[in-house]
Amino acid sequence: LLVAVIGAGLIHQKEVEAAWYKMTSLIGRILGIEKGTDEYVKAIQKTIEKNGIAVSLEEVAADAKSLWIAYSLTDEKGENDISMSSIQVAVDGESLALERQYALNNSTGSEKTASKYFVAKFNRSKADRSQKFEIEIGTFQNENGQVEEKDAYEFSFTADPEALQADTKEIDIQVSIPIEKDQTFLISEMKYNIFGCTISGSYSDMTEDDEFWLRGKDDLGNEYVFNLTSYDKPNLIFELQDLGILDHAKQLTLQLYHYSGTTGKTVSYEQKESEDAYIEEIGTVYDEDQAPEDLAVPVGDGITVDLQ
């Protein structure tokens, strides 16, 4: 009887996972969104093959200020390196700034077939109409330890922000925080929808040693951490870590944290991608409680954001 109950539970769990996988988009799956996202996503599914690598433009989604693009690289014969790619997007002749990229590895079960899936998020000037986007995705090859661009794949598509923008909340903040003498950090706006929550601002005196976080709680006691994910001087974007803003929360209190300096040890190691290719990774190792986020200190007064 016990085995039967456990078996039923496993079957139900698989059915739930299969239903979630079917109802949400590729963008939603890569971003880890558990709610259905199909109504906000446009399927493109265009594929170009060159020299053994097939690049597919899978899906796009847009609101008035952001663009998400899902694409994949497939090496059907197992003879090419698809561990690296580049992506550039332009609209009306204006290049868009890449904010962040997410990746998902996928194996089809065949040793000779491998695919990698990506979502790239771009910032764009506010738009409330359908626009045509030009996109170029690049692949690379490793020749005798030298990484070189291999091929470029060009696509075009249109994206309309109306559906997602209707369910996007934008909250004006406009709070200035003094950092040091004659240095001011501006928190300007919060934006959130089903694809995530961001806070934008500006700081013209950012240096390589500066790191910032926004941390806080809502009126229900839930804690939030916003990591700085994009800096295009002087503009900054913080993205909410982990979960989204809860629907029933009415108010959010945030505190800016700042760390300036160097800590930890820089290390490098090689990651084997194939028999002939190695990717050298460079990272930083910290002692306990010595990471920048542990050493960061609060700056200025707290910020109150009314969510409803």
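Here is a guided walk through this structure, from the whole chain down to single residues.

The model is a predicted one: local features need pLDDT of at least 70, side-chain atom pairs count only at pLDDT 80 or more, and totals for chains, interfaces and linings use all residues. Residues are numbered from 1 along each chain as its sequence is written, and side-chain values use heavy atoms, with hydrogens and water left out.

Let us begin with the overall picture. The protein chain holds four helices and 19 strands; these are DSSP runs numbered from the N terminus, with H or I and at least four residues for helices, and E and at least two residues for strands. Of its 308 residues, 40% count as buried. Here, buried means under 20% relative accessible area, exposed means over 50%, and partly exposed lies in between, using a 1.4 Å probe and protein chains only. The chain exposes about 17,600 Å², and carbon and sulfur atoms supply 45% of that area; accessible areas come from the Shrake-Rupley method with a 1.4 Å probe, and for residues only the protein chains shown count as cover. Contacts, meaning heavy atoms within 4.5 Å, often reach across the sequence: among those between residues at least 6 apart, 59% join residues at least 24 apart.

Now look at the strands. Eight of them form an open sheet, in the order β10-β11-β12-β15-β14-β13-β16-β19, with antiparallel pairing. Two strands pair if DSSP finds at least two bridges between them. At the edges are β10 and β19, each of which pairs on one side only. From one strand to the next, the twist averages 25 degrees; for such angles, axes are lines fitted to C-alpha atoms (for helices over the stretch in contact), and values run from 0 to 180 degrees between N-to-C directions.

Some pairs within this sheet are worth tracing by eye. Antiparallel strands β12 and β15 are joined by five bridges, and S200 has I237 in β15 as its bridge partner. Strands β13 and β16, also antiparallel, are linked by nine bridges, with F212 partnered by H258 in β16. Five bridges connect β13 to the antiparallel β14, where W213 is matched with N227. β13 and β14 form a hairpin with four residues between them, and G221 in the turn has a positive phi of about 95 degrees.

What fills the interior? In soluble globular proteins, nonpolar side chains tend to be buried together. A nonpolar core is a set of buried Ala, Val, Leu, Ile, Met, Phe, Trp, Tyr and Cys residues joined through side-chain atoms within 4.5 Å. The largest one here has 28 residues, of which F185, M190, F226, L252, V305 and L307 touch the most other members. Elements giving two or more residues to this core are β10 (169-180), β11 (183-193), β12 (196-202), β13 (210-218), β14 (223-232), β15 (235-240), β16 (251-260) and β19 (297-306). Apart from this core lies another, of 25 residues, among them V55, V89, F118 and F122. Back in the largest core, M190 makes a good place to pause: not counting residues up to four places away in sequence, M190 touches partners including I171, I199, F226, L252 and L307.

Strand β11 also contains N193, a residue that counts as buried because its relative accessibility is 12%. Its side chain makes polar contacts with the side chains of D63, at 3.0 Å, and T168, at 2.9 Å. A polar contact is a pair of N or O atoms within 3.5 Å; within protein, one must be able to donate a hydrogen and the other to accept it, and residues adjacent in sequence count only if both atoms are side-chain atoms. Leaving aside neighbours within four places in sequence, N193 is in contact with D63, W68, L164, D167 and T168.

Finally, a few backbone details. Most residues other than glycine have a negative phi, and most peptide bonds are trans. Q45, in strand β1 (residues 42-50), is not a glycine yet has a positive phi of about 55 degrees, and Q45 counts as exposed because its relative accessibility is 61%. D92 also has a positive phi, near 55 degrees; D92 lies in the loop between β4 (85-91) and β5 (94-95) and is exposed, with a relative accessible area of 60%. The peptide bond from K233 to P234 is cis, with omega near 5 degrees, and P234 sits in the loop between β14 and β15.
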